Amino acid sequence: MQPSEMTTPDAMSTQYSSTDRLTTRRSVWGPGPEGVSPVDALRQAVLDADPAAVVEIGCGTGHFARSVLDVRPGVDYVATDLSPAMVASATALGLAAVVAPADDLPFADASFDVAVAAWMLYHVPDLDAALRELRRVLRPGGMLAVATNGVGHLADLQREAGGEPLVTQFTSEVAEAVLSRHFSHVTRRDIETRAFFDDHAAAAAYLATFDVELSRTLPPFDAPRSYAGSTAILTAR
Ligand SMILES: C[S@@+](CC[C@H](N)C(=O)[O-])C[C@H]1O[C@@H](n2cnc3c(N)ncnc32)[C@H](O)[C@@H]1O
């Protein structure tokens, strides 16, 4: 996916028509030098808020929601996603899940203590409309928990394949400023991660999930490799 295609309806329906590409991408990640997983950090931020009710937008396969409920089964958690295939996956994990675009959620004002948007705000066509919608469904004092990637995310892999780092509308570098347009208190924690590939085919398969051309131009290599990923976990109230 090129930066210009990150938000288009056609690209979204191709990219997320099934869970395959997302599952391939999720499978390569491990902790970086600090030994911290951004998914664990995001989950801890949600748990620390001790919510009674949570909404997640762009929930993908539903694994994050499932992991929160496994720790706190009493939480009233609703997972949403634009993709019917993702919602089906979340439902199969035993979640309450509905198809909904981030900027038009089928919930009353002030319904939730916490909202989660993990690695998805770079996809929404109108970022401010989605953030207004999240603000609307959160109770006063409620918290938005966000994960996103920095400009350096897998930049070395992209460059080796002849591409450029992916600069989205919601990189770690701009996320605080964007969230501050709708929330008065924003925190940001940067976390370096690592993507591990057993061989060239695994790295090419990863690239192919968003850019088939890059998967073809990645020069061959023999030994396992890992590449730095750059992520940020943000909270906004
Ligand atoms: C990169 S995936 C992240 C999924 C999941 N949050 C995770 O961390 O694994 C982005 C998800 O956002 C969803 N999505 C894209 N545009 C959306 C929109 N406008 N409203 C709601 N969901 C959207 C996609 O269908 C996809 O499941």
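This dialogue reads a few local features of a predicted model.

Reader: Where does the ligand sit, and which residues are closest to the ligand?

Author: The shell around the ligand has 21 residues, and the closest are Tyr16, Gly58, Asp81, Ala102 and Ala118. By class, the shell divides into 15 nonpolar, 4 polar and 2 charged residues.

Reader: Which polar backbone atoms lie by a nitrogen atom of the ligand?

Author: A polar contact here is a pair of N or O atoms within 3.5 Å. A polar backbone atom of glycine 58 is 2.7 Å from a ligand nitrogen. For alanine 102, the distance from a polar backbone atom to a nitrogen of the ligand is 2.9 Å. A backbone N or O atom of leucine 82 is 3.3 Å from a ligand nitrogen. As for cover, the ligand taken alone exposes 600 Å², and the protein buries 93% of that.

Reader: How should I read a helix such as α5, and which of its residues are buried?

Author: Start with the periodicity: an α-helix has 3.6 residues a turn, so residues three or four places apart point the same way. Helix α5 spans residues 84-92, and Met86, Val87, Ser89 and Ala90 are buried there. These four lie on the same side of α5 because they cover an arc of only 155° around the axis. Pro84 and Ala92, on the other side of α5, are exposed.

Reader: What covers the buried residues of α5?

Author: The cover includes helix α2 (20-27) and the strands β3 (76-81) and β4 (96-99). After α5 comes glycine 94, with a positive phi near 90°.

Reader: What should I make of a positive phi in a residue other than glycine, and where is alanine 110?

Author: The general expectation is that most residues other than glycine have a negative phi. Alanine 110 has a positive phi near 55°. Alanine 110 is in the loop between β4 and β5 (112-118), and counts as partly exposed because its relative accessibility is 32%.

Reader: Is leucine 154 buried or exposed?

Author: Leucine 154 is buried, at 4% relative accessible area. Its phi is also positive, about 55°, although leucine 154 is not a glycine. The residue lies in the loop between β6 (138-149) and α7.

Reader: Where is threonine 171, and what is threonine 171 in contact with?

Author: Threonine 171 is in the loop between α7 (155-160) and α8 (172-180). Its relative accessible area is 3%, so threonine 171 is buried. Apart from neighbours within four places in sequence, threonine 171 is in contact with Thr148, Asn149 and Val151.

How values were computed:
Residues are numbered from 1 along each chain as its sequence is written. This is a predicted model: local features need pLDDT of at least 70, side-chain atom pairs count only at pLDDT 80 or more; totals for chains, interfaces and linings use all residues. Side-chain values use heavy atoms; hydrogens and water are left out. A residue is near a molecule or strand if one of its heavy atoms lies within 4 Å of it. A polar contact is a pair of N or O atoms within 3.5 Å; within protein, one must be able to donate a hydrogen and the other to accept it, and residues adjacent in sequence count only if both atoms are side-chain atoms. Accessible areas come from the Shrake-Rupley method with a 1.4 Å probe; for residues, only the protein chains shown count as cover. Ala, Val, Leu, Ile, Met, Phe, Trp, Tyr, Cys and Pro count as nonpolar, Asp, Glu, Lys and Arg as charged, and the others, Gly among them, as polar. Buried means under 20% relative accessible area, exposed over 50%, partly exposed in between (1.4 Å probe, protein chains only). Helices (H or I, at least four residues) and strands (E, at least two) are DSSP runs, numbered from the N terminus. The arc is that of the directions from the helix axis to the C-beta atoms. Contact means heavy atoms within 4.5 Å.
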